[in-house]
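Trainee: I would be grateful for a close look at a single part of this protein, the aromatic cluster and its surroundings. Please set it in the context of the whole chain.

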Amino acid sequence: MYSIRETQDFYPLSLLYQESGLEVTPGHTPPQGTLSMLRCEDSETGELVAAATLQRRAGHFVLAHLAVVSHLQGGGLGSQLLASAEHHAKQLGARELWLVGKVPGFYARYQWHTVPREMAPPISRCLTCSQFQVDCFPSIMKKELSFDV
């Protein structure tokens, strides 16, 4: 069993993000613009197994990071964490949520849509990354968040 909760401790999340291939430098200070960090852990052991970070970039709500430990990928944790992050973004007042996705097919299953780079707000740091278009081909994606009545 796993539980998702908000955390203030960025360091373990940053290690997971880096191990998962995200361009995150491990550190104790969350990146500028961080609004919320979600930690998914094994309820029995307390082990960190997945995480997500919500940020504000260029005036937009952004799902900046989402990662699941490799041995648990494909088991539904990513889907649960994504739903939790979207819900949390709505609680923060987001009507839409953006991301730069390395695995766009995953997000497309949950009604995220690819937006041409020239039509997207300046939320991506990809153009300055040495891996961009070398071994990383991310998509900028957007999701309109619905509010239940």
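**The aromatic cluster and its setting**

Mentor: Y107 is buried, with a relative accessible area of 9%, in what is a predicted model. This residue is a convenient place to begin, and its ring partners come next. Y107 pairs with W112 in an edge-to-face arrangement, the ring centres lying 6.0 Å apart and the planes meeting at 70°. On another side of the pairing, F106 and Y107 are also edge-to-face, at 5.0 Å centre to centre and 80° between the planes. Ring pairs join F106, Y107, Y110 and W112 into a cluster, and the count of aromatic pairs comes to four.

How buried are the partners of Y107? F106 has a relative accessibility of 15% and therefore counts as buried, the cut-off being under 20%. W112 is buried as well, with a relative accessible area of 2%.

The cluster is met by a residue of helix 2, L82. At 2% relative accessibility, L82 counts as buried. Leaving aside residues up to four places away in sequence, L82 touches F106, Y107, Y110 and W112, together with L63 and L66. L82 and Y110 are 28 residues apart in sequence, yet their C-alpha atoms are 8.9 Å apart in space.

L63 leads from here to further parts of the chain. With residues up to four places away in sequence again left out, L63 touches L82, A85 and Y107, and also A52, T53, L54, L97, W98 and L99.

In general, nonpolar side chains of soluble globular proteins tend to be buried together. In this model the largest nonpolar core has 35 residues, and those with the most contacts inside it are Y17, L63, L97 and Y107. The elements that each give two or more residues to this core are helix 1 (10-19), strand 2 (34-42), strand 3, strand 4 (60-68), helix 2 (77-91), strand 5 (96-101) and helix 3 (104-108). Strand 3 gives the most, with six residues. Another core, of six residues, lies apart from it, and among its members are V62, V115, A120 and I140.

Strand 3 (residues 48-57) also holds a polar residue, Q55. Q55 is buried, with a relative accessible area of 1%, and its side chain makes a polar contact with the side chain of T34 at 3.5 Å. A ring elsewhere has a charged partner: R56 lies over the face of F61, at 4.3 Å from the ring centre.

The whole chain supplies the wider setting. The secondary structure comes to three helices and seven strands, which run β-α-β-β-β-α-β-α-β-β from the N terminus on. Of the 149 residues, 43% count as buried. The accessible surface comes to about 8,300 Å², and carbon and sulfur atoms account for 51% of that area. Among contacts between residues at least 6 apart in sequence, 63% join residues at least 24 apart. The pair L82 and Y110, at 28 residues apart in sequence, brings the account back to the cluster, where L82 touches F106, Y107, Y110 and W112.

Notes. Residues numbered from 1 in each chain as written. Heavy atoms only, no water. Helix = DSSP H or I, 4+ residues; strand = E, 2+ residues; numbered from the N terminus. Buried < 20%, exposed > 50% of the residue type's maximum accessible area, 1.4 Å probe, protein only. Contact = heavy atoms within 4.5 Å. Areas by Shrake-Rupley, 256 points an atom, 1.4 Å probe, with all protein chains shown as cover. Phe/Tyr/Trp six-rings, centres within 6.5 Å; stacked < 30°, edge-to-face > 60°. Lys NZ or Arg CZ within 6 Å of the ring centre and 35° of its normal. Polar contact = N/O pair within 3.5 Å; in protein donor to acceptor, adjacent residues only side chain to side chain. Core = buried A, V, L, I, M, F, W, Y, C linked by side-chain atoms within 4.5 Å.
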